[in-house]
Amino acid sequence: MLTVQNLSKRFGGLLAVDDISFEIQKGEIFGIIGPNGAGKTTLFNLITGNIPSDKGQVRFQDHVITGKKPHQIASLGIGRTFQMVKPFGGLTVEQNVMMGALPRHKLFADAQKAANEVIDRLGLKPYAREEARALPVGLKKKLELARALATQPSLLFLDEVMGGLNPTEVQEMMALIRSLNRDQGITICMIEHVMAAVVALCERIVVLQQGRKLAEGTASEVTGNPEVIKAYLGGDVAHAGA
Ligand SMILES: Nc1ncnc2c1ncn2[C@@H]1O[C@H](COP(=O)(O)OP(=O)(O)O)[C@@H](O)[C@H]1O
Ligand SMILES: [Mg+2]
């Protein structure tokens, strides 16, 4: 569904993404892990057109999307959430989700209906008329996901949607991600630090370290890989399943 080939990005002296290649198959939940600063968010930014790449190519279905603008890539069916959630604080939850829905609909009323369907599905209805800035972090993360879903993606990139959530919220988010994948057929690529969630949800995982691909495989292959354990899990195998 998505093919990333030799993608690279340099920031001054730093190779943030260094010759990365991988493929995402239609229907799967694909995981990207790695320590802070490994280049995970930059990789997402390159794929979704938020920053230009120096080298390499990204193909989505029949399209080469390298060099396209974020709205063009979104219109092809690639959605994303941002790690640093930045809702329009002065707008309501409904208005924020409308931002995602509007490009997909000719009529305002249709966009509003679609936005409210997503709001309902994510349990945000009680907050629909509240200003986004008033929401606690767990609900801001949900709002960010709702906005992304309103763009009607067939492939959805999630950048640490579990960051800052409490254990109950993590469980809820995991169930939601599984349902988006299974029931709505959305292919998912997720960056996540909560290892238990990654291991439970992802069929395949890529591990990044200092911009490079350190490993790729199933959850058990990756968490059992001595190099990954050394580099990412701090040499403590027990962390792999924690
Ligand atoms: N716009 C930018 N300009 C300069 N350096 C950046 C920029 N964005 C990210 N970086 C650097 O690139 C590296 C990778 O960052 P990032 O992709 O955010 O990592 P991760 O998401 O894996 O934590 C970090 O060293 C970060 O400081
Ligand atoms: Mg990041």
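Asp19 is partly exposed, with a relative accessible area of 32%. Let us begin our tour of this predicted model with that residue.

**Exercise 1. Find out where Asp19 sits and what its phi is like.**

Solution. Step one is the accessibility: a value of 32% makes Asp19 partly exposed, because that class lies between the cut-offs of 20% and 50%. Step two is the place: Asp19 belongs to strand 2, which covers residues 14–24. Step three is the backbone: phi of Asp19 is near 60 degrees, a positive value in a residue other than glycine. Why look at the sign? Most residues other than glycine have a negative phi.

**Exercise 2. Examine Glu160 in the same steps.**

Solution. Start with the backbone this time: phi of Glu160 is near 55 degrees, again positive in a residue that is not glycine. Next, locate Glu160 in the loop that runs between strand 7 (155–159) and helix 6. Last, decide whether Glu160 is buried or exposed. Its relative accessibility is 11%, so Glu160 counts as buried.

**Exercise 3. Name the protein donors of the magnesium ion and place them along the chain.**

Solution. First, look around ligand 2, the magnesium ion: its protein donors are OG1 of Thr41 and OE1 of Gln83, at 2.0 to 2.2 Å. Then trace each donor back to its element. Thr41 lies in helix 1 (residues 40–47), while Gln83 lies in the loop between strand 6 (78–80) and helix 3 (93–101). The two are 42 residues apart, and the pair links distant parts of the chain. Finally, check accessibility: Thr41, at 26%, is partly exposed, and Gln83, at 25%, is partly exposed as well.

**Exercise 4. Stay in helix 1 and describe the surroundings of Asn45.**

Solution. Asn45 is placed in helix 1. With a relative accessibility of 16%, Asn45 counts as buried, because the cut-off for that class is under 20%. Which residues does Asn45 touch, leaving aside those up to four places away in sequence? They are Asn50, Ile51, Arg80 and Phe82.

**Exercise 5. Work out how helix 3 packs against helix 4.**

Solution. Begin with the geometry: helix 3 and helix 4 (residues 108–121) pack at about 115 degrees, and their axes are 8 Å apart. The two helices are therefore roughly perpendicular to each other. The crossing of helix 3 past helix 4 is right-handed. Now list who takes part. Helix 3 offers Val93, Glu94, Val97, Met98 and Ala101, and helix 4 offers Phe108, Ala111, Gln112, Ala115, Asn116 and Ile119. Sorted by class, this contact of helix 3 with helix 4 holds eight nonpolar, two polar and one charged residues.

**Exercise 6. Now turn to the contact of helix 3 with helix 5.**

Solution. Helix 3 and helix 5 pack at an angle of about 35 degrees, with 6 Å between their axes. Helix 3 passes helix 5 in a right-handed crossing. On the helix 3 side, Val93, Asn96, Val97 and Gly100 meet Leu143, Ala146 and Arg147 of helix 5. The classes in this contact of helix 3 with helix 5 are four nonpolar, two polar and one charged.

**Exercise 7. Continue from helix 5 to helix 6.**

Solution. The angle between helix 5 (residues 137–149) and helix 6 (residues 167–182) is about 10 degrees, and the axes are 11 Å apart. Helix 5 and helix 6 are therefore roughly parallel to each other. From helix 5 come Gly138, Lys142, Leu145 and Leu149; from helix 6 come Glu169, Glu172, Met173, Leu176 and Leu180. The contact of helix 5 with helix 6 has five nonpolar, one polar and three charged residues.

**Exercise 8. Describe two strand residues, Thr3 and Gln209.**

Solution. Take Thr3 to begin with. Thr3 is found in strand 1 (residues 2–11) and, at 16% relative accessibility, counts as buried. Leaving out residues up to four places away in sequence, Thr3 touches Phe22, Glu23, Gln57, Val58 and Arg59. From Thr3 to Gly77 the C-alpha distance is 15 Å, with their positions 74 residues apart in sequence.

Now take Gln209, in strand 9 (residues 204–209). Gln209 is partly exposed, at 27%. With residues up to four places away not counted, its contacts are Ala38, Leu214 and Ala231.

Terms used: Residues numbered from 1 in each chain as written. Chains lettered and ligands numbered in written order. Predicted model: local features only at pLDDT ≥ 70, side-chain atom pairs only at ≥ 80, totals over all residues. Heavy atoms only, no water. Donors = N, O, S within 2.8 Å, 3.2 Å for Na, K, Ca; no water. Helix = DSSP H or I, 4+ residues; strand = E, 2+ residues; numbered from the N terminus. Buried < 20%, exposed > 50% of the residue type's maximum accessible area, 1.4 Å probe, protein only. Axes fitted to C-alpha atoms, helices over the stretch in contact; angles between N-to-C directions. Parallel < 35°, antiparallel > 145°, perpendicular 65-115°, else oblique. Left-handed = near helix turned anticlockwise from the far one by under 90°. Contact = heavy atoms within 4.5 Å. Nonpolar A, V, L, I, M, F, W, Y, C, P; charged D, E, K, R; others polar.
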